[in-house]
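Open the model in your viewer and keep the selection box ready. This tour goes stop by stop.

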Amino acid sequence: IPLQIVSGFLGAGKTSAILAQLEQDRGRRVAVIVNDFGEASLDELTLREGEPFRITSIAGGCVCCTAPEGFVDALGAVLDGEPDRVLIEPTGLARPQDLIDTVRRSPHAERVELAPLVVLVDPARLDEPTGAAAELFAEQVGAADILVANRTDLCPADALERFERWAAELWPAPLAVLRTTHGRLDPAALAWPDGAGVRLPRAGRAEPHHHGHSTAGFAARSLCWPPDALFSRERLSGALERLVAGEAGAKLARLKGIFRTQEGVLRIEVAGGTRDERPSAHRRDSRVDLIVEGDDAALERAGDWLEAALLGEHERQLSTERIELVAGAGRVHLIDREMLLALPEPLADVSQVFPNRAGSAARVRELWRALALPDDGQVIVVAGDGFASEPVPTETLCCGVLLHTLDGVPLPAAKGGPFRLLIPERAGAPLGACANVKGVAKLVLR
């Protein structure tokens, strides 16, 4: 069943875009899941004017972090109705990449086909978000498969020209950059083109998208892997070090890549022999652009090394019976339930802090103290199914708990066990999907 997320910052016109899609889809069975903050649910009320479409509202929390289970349950319910299409409107403060991760790791993943992620922006207000809001806006845009400039009828010509220049500089580029008014979009323009998204090859060596030489003695190649490809961060780092060292037989002039690793999706750039690495909101695929001062032979070797960094199926399976805590400098701690039970100041009843939760938990701060770990830096939370969170500040993680027991026995997998991370909203930092991770298998301290 096609599932499409229509995202964008506050006031970009997401509800209008969904209403326009519903109007064009009359006669088809369309389900809409809308996520409003607060109890008013104004977007839901607006959409209900277009019934008989099925509307499911998730109020009072963000479906990408504090309320993912409500979303998963709602998705299962609408899929049971066998709709022709599912549309999702997350709140304007949501990180759409977290929602994509939630869909892909949900028990309903095989029942849906993710359509391109649509992100709407108001081209006249590109500079309005500041501070943390600007970071969120950049993440939303970075996740876009299709970027839409909405409300163009209200946008001055110079602002539209600036939008076009800004959009042309995005990397990776969206599959399409569209202009519209009142959210009206041709459904045909919202589908995957050949060779993108779910239409990428699923097996075999990644195919170069383009491949050629310049007259200045440089050679370039772009490689792309499907979204389910997963790289070993350690082997990937080794391959990049070899490339920077010139072991491929040519000097690496430039590299820009996005790689889904077992420690999250990373954007990696190499220029002037210096490597820059940071998290990426991109979820469409893994990809790399390579330029070397040399010929195709060096590019072939580079491609072979990157392919060798991919994890095999047997390597992707993580044990959830213990938590592997990687503390750097070769230090690895194995955390089991007995160790968590022995930590001081346990939380006997997590419902005191997390309403609608049950069970006993250990405080992450006490675990950090017991292992004498530094309280600065960042931590990546990895689940047994391969999900990896964005880096979360250690001080934020230490506000959370590891749920390990329910009714006197180990927390069952159906409840997110054996170990489930919960971080309260009052932790004082943007939490993202790390606020609620089931089946925690690994913590990586950076």
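What follows is a list of selections, with what to look for at each one.

**Before you start.** This is a predicted model: local features need pLDDT of at least 70, side-chain atom pairs count only at pLDDT 80 or more, and totals for chains, interfaces and linings use all residues. Residues are numbered from 1 along each chain as its sequence is written, and side-chain values use heavy atoms, with hydrogens and water left out.

**Stop 1: helix α6.** Select 157-168. Helices here are DSSP runs of H or I with at least four residues, strands are runs of E with at least two, and both are numbered from the N terminus. The expected span of a helix is 1.5 Å times one less than its number of residues. For the 12 residues of α6 that gives 16 Å; the end C-alpha atoms lie 17 Å apart, which agrees.

Now color α6 by burial. Buried means under 20% relative accessible area, exposed means over 50%, and partly exposed is in between (1.4 Å probe, protein chains only). A159, L160, F163 and A167 are buried. They cover an arc of only 100 degrees around the axis, so they sit on the same side of α6. That arc is taken from the directions from the helix axis to the C-beta atoms. Why such a pattern? An α-helix has 3.6 residues a turn, so residues three or four places apart point the same way. Turn to the other side of α6: A157, D158 and A168 are exposed there.

What covers the buried residues of α6? Show β6 (118-121), β7 (146-149) and β8, which are among the covering elements. Contact here means heavy atoms within 4.5 Å.

**Stop 2: the largest nonpolar core.** A nonpolar core is a set of buried Ala, Val, Leu, Ile, Met, Phe, Trp, Tyr and Cys residues joined through side-chain atoms within 4.5 Å. The largest has 32 residues. Select L3, F71, I88 and L147, which touch the most other members. Then add helix α3 (residues 68-80), which supplies the largest share of this core, six residues.

**Stop 3: an open sheet.** Show β16, β15, β24, β18 and β19. Five strands lie in the order β16-β15-β24-β18-β19, with mixed pairing. Strands count as paired if DSSP finds at least two bridges between them. At the edges, β16 (331-335) and β19 (392-393) each pair on one side only. Zoom in on β18 (residues 378-383) and β24 (residues 440-445): they run antiparallel, joined by five bridges. A383 stands opposite V440 in β24.

**Stop 4: two cis peptide bonds.** Select W171 and P172. Their peptide bond is cis, with omega about -5 degrees. P172 is in the loop between α6 and β8 (176-179). Next, G417 and P418 are also joined by a cis bond, with omega about 5 degrees. P418 lies in the loop between β21 (409-410) and β22 (420-422).

**Stop 5: two positive phi values.** Most residues other than glycine have a negative phi. A372, in the loop between α10 (364-370) and β18, has phi near 55 degrees. A372 is exposed, at 61% relative accessibility. D407 also has phi near 55 degrees, and is found in the loop between β20 (401-406) and β21. D407 is exposed at 74%.

**Stop 6: cysteines.** How many disulfides does the structure hold? Zero, where a disulfide is a pair of cysteine sulfur atoms within 2.5 Å. Select C399: its closest cysteine sulfur, in C398, is 7.4 Å away, too far for a bond. C399 is partly exposed at 32%. Finish at C155, which is buried at 9%.
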